[in-house]
Structure formats: structure tokens, C-alpha cells
Amino acid sequence: TSLSPSQFLRRQQVLQLYRKILRAIRDVPAEADRRYLKDWAREEFRRNKDATEEDAIRMMITQGNMQLQELQRTLKLAKS
């Protein structure tokens, strides 16, 4: 299965988002919360891995980025 250029770029965006989320989760102070969030992220991405509809994928990437920003904001507030 070869990917079209747009599918390839979309896949790169998804992988980049996944890595950013896992990196942000590392900063969560409580071990139990870290484990929960990591499992949640893994499950979300796994559940949607077979999505093929461009608009749906774009929407999921947007939602994922918003959730990432929310997590980063929360972590920043917790540190201050």
C-alpha cells in the first residue's frame, strides 16, 4: 500500500502529534496520572488508526492539538 503525497503528509502530522502528546505527558508529576494519560493517548490513536476520510482525519488532528495545548497549559499552571 503506497500512500499518496497528501496521505503521507497527514500520516507525518499524526505521528508528530502523537510524539508531542507523549512528550508532554512525561511532564505530568503523578505516576498514576502519567500512566492513565499514556494509556488514553495510545488507545485514542489505536482506535482511529484505520480512519481514511481526509476531513475526519483533519478534524481529529485539530482536536488532538487542542487537547495537547490544554495539557501543556495545565502543566504550566501547575508549575507556577
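This passage walks through the fold, the surface patches and the salt bridges of the chain.

The model is a predicted one. It's an all-helix story here: the chain has 3 helices and 0 strands, so the pattern along the sequence reads α-α-α. The C-alpha atoms fit in a box of roughly 45 × 20 × 15 Å along the principal axes. Of the 80 residues, 16% count as buried. The UniProt record, an unreviewed entry, lists residues 12-70 as "domain: Complex 1 LYR protein". That stretch is 81% helix and 0% strand, and its end C-alpha atoms sit 22 Å apart.

Next, the surface. Leu 3, Phe 8 and Leu 9 make up a nonpolar patch, and together they offer about 310 Å² of accessible area. Phe 8 belongs to helix H1, which covers residues 5-25. With a relative accessibility of 44%, Phe 8 counts as partly exposed, because that class runs between the buried limit of 20% and the exposed limit of 50%.

There's a charged patch as well. Arg 19, Lys 20, Arg 23, Arg 26 and Lys 38 form a positive one, and H1 is the biggest giver, with 3 residues. Lys 38 comes from helix H2, residues 31-47. At 36% relative accessibility, Lys 38 is partly exposed.

Then come the salt bridges. Side chains of opposite charge can pair when their charged atoms come close. In this model the count comes to 10 salt bridges. Two of the pairs can be found in H2. Glu 31 and Arg 35 meet at 3.2 Å, N to O; they lie 4 residues apart in the helix, about one turn. Both are partly exposed, Glu 31 at 41% relative accessibility and Arg 35 at 47%. Asp 39 and Arg 42 pair up too, with their closest N and O atoms 3.9 Å apart. Because these two are 3 residues apart in H2, about one helical turn separates them. Asp 39 is partly exposed, with a relative accessible area of 43%, and Arg 42 is also partly exposed, at 33% relative accessibility.

Lys 49 and Asp 50 form another salt bridge, at 3.6 Å from N to O. Here both partners are exposed: Lys 49 has a relative accessibility of 58% and Asp 50 has 61%. Salt bridges can link up as well, and Arg 10, Glu 54, Asp 55 and Arg 58 are joined in a network of them.

Note on methods
Residues are numbered from 1 along each chain as its sequence is written. This is a predicted model: local features need pLDDT of at least 70, side-chain atom pairs count only at pLDDT 80 or more; totals for chains, interfaces and linings use all residues. Side-chain values use heavy atoms; hydrogens and water are left out. Patches are made of residues with over 30% relative accessible area and no salt bridge: like charges are joined within 9 Å, nonpolar side chains (Val, Leu, Ile, Met, Phe, Trp, Tyr) within 5 Å. Accessible areas come from the Shrake-Rupley method with a 1.4 Å probe; for residues, only the protein chains shown count as cover. A salt bridge is a side-chain nitrogen of Lys or Arg within 4 Å of a carboxyl oxygen of Asp or Glu. Buried means under 20% relative accessible area, exposed over 50%, partly exposed in between (1.4 Å probe, protein chains only). UniProt positions are given in the numbering used here, feature names are shortened, and annotations may be inferred rather than shown by experiment. Lys and Arg count as positive and Asp and Glu as negative; His and the chain ends are not counted. The place of a charge is taken as NZ of Lys, CZ of Arg, CG of Asp or CD of Glu.
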